[in-house]
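Visitor: I'd like a close look at one stretch of this chain and at what surrounds it. Could you take me through the packing there, step by step?

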Amino acid sequence: MNKFIQAAEVINQAYAVASTFDENKRYDYMVIYDDDITAVLKSVSAYKKVKAVNPTAKLVVVGGEGLLAMAFSVMRLSLKVRGKNPKDLKKESEAARLKRVAIALGIPEKEIIVLDKGRNTTENLQAISQLAQGKAALVVSTQRLAMVFKQSADFQCNEEPEKHGCSNLDYDLFVIEETVEETLHWYNFQIAGQGRVALHLFASLVRRFDVYDGKFLRKPFEADEDTKKADAVLRNRFLIKQRVGGFKKIRAMLQYLPIVWDIFWHAEEYLIDEQEAIMAAEHV
């Protein structure tokens, strides 16, 4: 597995994005654009700085159901099968979970705006840009998702806004820098299937920029040879192809099995890991 982690790290570093957060700038919104509570855990200090400059600023949490809905169903079943009470595993959207963690870390509920209707990147960008309406936003993202957001937002909101139903988006980025190994937690499911959830994401990046270039984003650059080699190591084994039929659909379903199986057996570890992560962030 080490060689796959190393290949993913090559891609992770190739598509790294620098933060542009200006502590002295007035932001009207701080947007958590991520499906990982790490984005909340490690940005509370940034939100305090935003509020110091603009006391009326709001926190915006974004995300629909995604992997979370499937994972919660699997974990609830696991707890029931083992005779345990699944009451602590309430069904919630990604945005609702981000909100819950933000409140646990001391952010007042009245300051939080929830955008959880988006089913894809475009719908999320529509919601964010239409809320902001030209006001300055600080967008928080973990490293693995930051380049996708940047290239998508620049293209859909600021290059072709009418085509994609967006408004112009004035934003800076607060990027949470992480190695691949640092992303692997139970609380974000990236470790599930021996890291297959995380590896799928890194296996998809080169292809995503190639396939969607000029459609939903601009490819930031042509991948170099090291990045292409790393992509080749990951893609055939870990990329879960969606919207396919026939044998490919069966193969895609089989790729989910080790992930689902792992989540089933680690339901309690998810709860413990989330609680410990929140407690650790409270003392930072």
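Guide: Happy to, and let's begin in a loop. Glu92 sits in the loop between helix H4 (66–81) and H5, in what is a predicted model. Which side of the buried cut-off does Glu92 fall on? Its relative accessible area is 14%, and buried means under 20%, so Glu92 counts as buried. Setting aside neighbours within four places in sequence, Glu92 is in contact with Leu68, Phe72, Arg97 and Arg100. One of these partners, Leu68, is 24 residues away along the chain, and its C-alpha atom is 7.8 Å from that of Glu92.

Two of those partners lead on to the next helix. Arg97 and Arg100 are in H5, and together with Val101 and Ala104 they meet Tyr270, Glu274, Ile278 and Glu282 in H13. By class, this contact of H5 with H13 has four nonpolar, no polar and four charged residues. As for the geometry, helix H5 (residues 94–104) and helix H13 (residues 267–282) have axes 10 Å apart and pack at an angle of about 45°. Angles under 35 degrees would count as roughly parallel and 65 to 115 as roughly perpendicular, so H5 and H13 are oblique to each other. The crossing in which H5 passes H13 is right-handed.

Back on the other side of the loop, helix H4 also holds Ser78. At 0% relative accessibility, Ser78 counts as buried. Beyond four places in sequence, the residues in contact with Ser78 are Phe264 and Ala267. Ala267 belongs to the range of H13, residues 267–282.

From here the cores come into view. In soluble globular proteins, nonpolar side chains tend to be buried together. The largest nonpolar core in this model has 46 residues, and within it Phe149 and Leu234 touch the most other members. Helix H10 (residues 192–212) gives the most to this core, with eight residues. A second, separate core has 31 residues, including Ala39, Tyr47, Leu138 and Ile278. Ile278 is also one of the H13 residues that meet H5.

Leu234 deserves a closer look of its own. Not counting residues up to four places away in sequence, Leu234 touches Phe4, Ala7, Ala8, Ile11, Leu199, Phe202, Ala203 and Leu239. Leu234 also takes part in a helix pair: helix H1 (residues 2–14) and helix H11 (residues 225–238) have axes that come within 9 Å and cross at roughly 125°. Only angles over 145 degrees would count as roughly antiparallel, so H1 and H11 are oblique to each other. Their crossing is left-handed. On the H1 side the contact is made by Phe4, Ala7, Ala8, Val10, Ile11 and Ala14, and on the H11 side by Asp226, Thr227, Ala230, Asp231, Val233, Leu234, Arg237 and Phe238. By class, that contact has 10 nonpolar, one polar and three charged residues.

Following the chain on from H1, we reach Phe21, in the loop between H1 and strand S1 (29–33). Phe21 is buried, with a relative accessible area of 18%. Apart from neighbours within four places in sequence, Phe21 is in contact with Tyr27, Ala46, Lys49, Val50, Leu138, Asp172, Leu173 and Phe174. Among these, Leu138 is a member of the second core. The C-alpha atoms of Phe21 and Arg237 are separated by 37 Å, with the two positions 216 residues apart along the chain.

Asp172, Leu173 and Phe174, which contact Phe21, fall in the range of strand S5 (residues 171–176), where Val175 also lies. Val175 is buried, with a relative accessible area of 6%. Its contacts beyond four places in sequence are Val17, Ala18, Ser19, Ser141, Thr142, Gln143 and Ala146.

Finally, two backbone details are worth a look. Most residues other than glycine have a negative phi. Phe189, in the loop between helix H9 (180–183) and H10, has a positive phi near 65°. Gln194, in helix H10, has a positive phi near 55°. Are these two residues buried or exposed? Phe189 counts as buried at 3% relative accessibility, whereas Gln194 counts as exposed at 57%.

Technical notes. Residues numbered from 1 in each chain as written. Predicted model: local features only at pLDDT ≥ 70, side-chain atom pairs only at ≥ 80, totals over all residues. Heavy atoms only, no water. Axes fitted to C-alpha atoms, helices over the stretch in contact; angles between N-to-C directions. Helix = DSSP H or I, 4+ residues; strand = E, 2+ residues; numbered from the N terminus. Left-handed = near helix turned anticlockwise from the far one by under 90°. Contact = heavy atoms within 4.5 Å. Nonpolar A, V, L, I, M, F, W, Y, C, P; charged D, E, K, R; others polar. Core = buried A, V, L, I, M, F, W, Y, C linked by side-chain atoms within 4.5 Å. Buried < 20%, exposed > 50% of the residue type's maximum accessible area, 1.4 Å probe, protein only.
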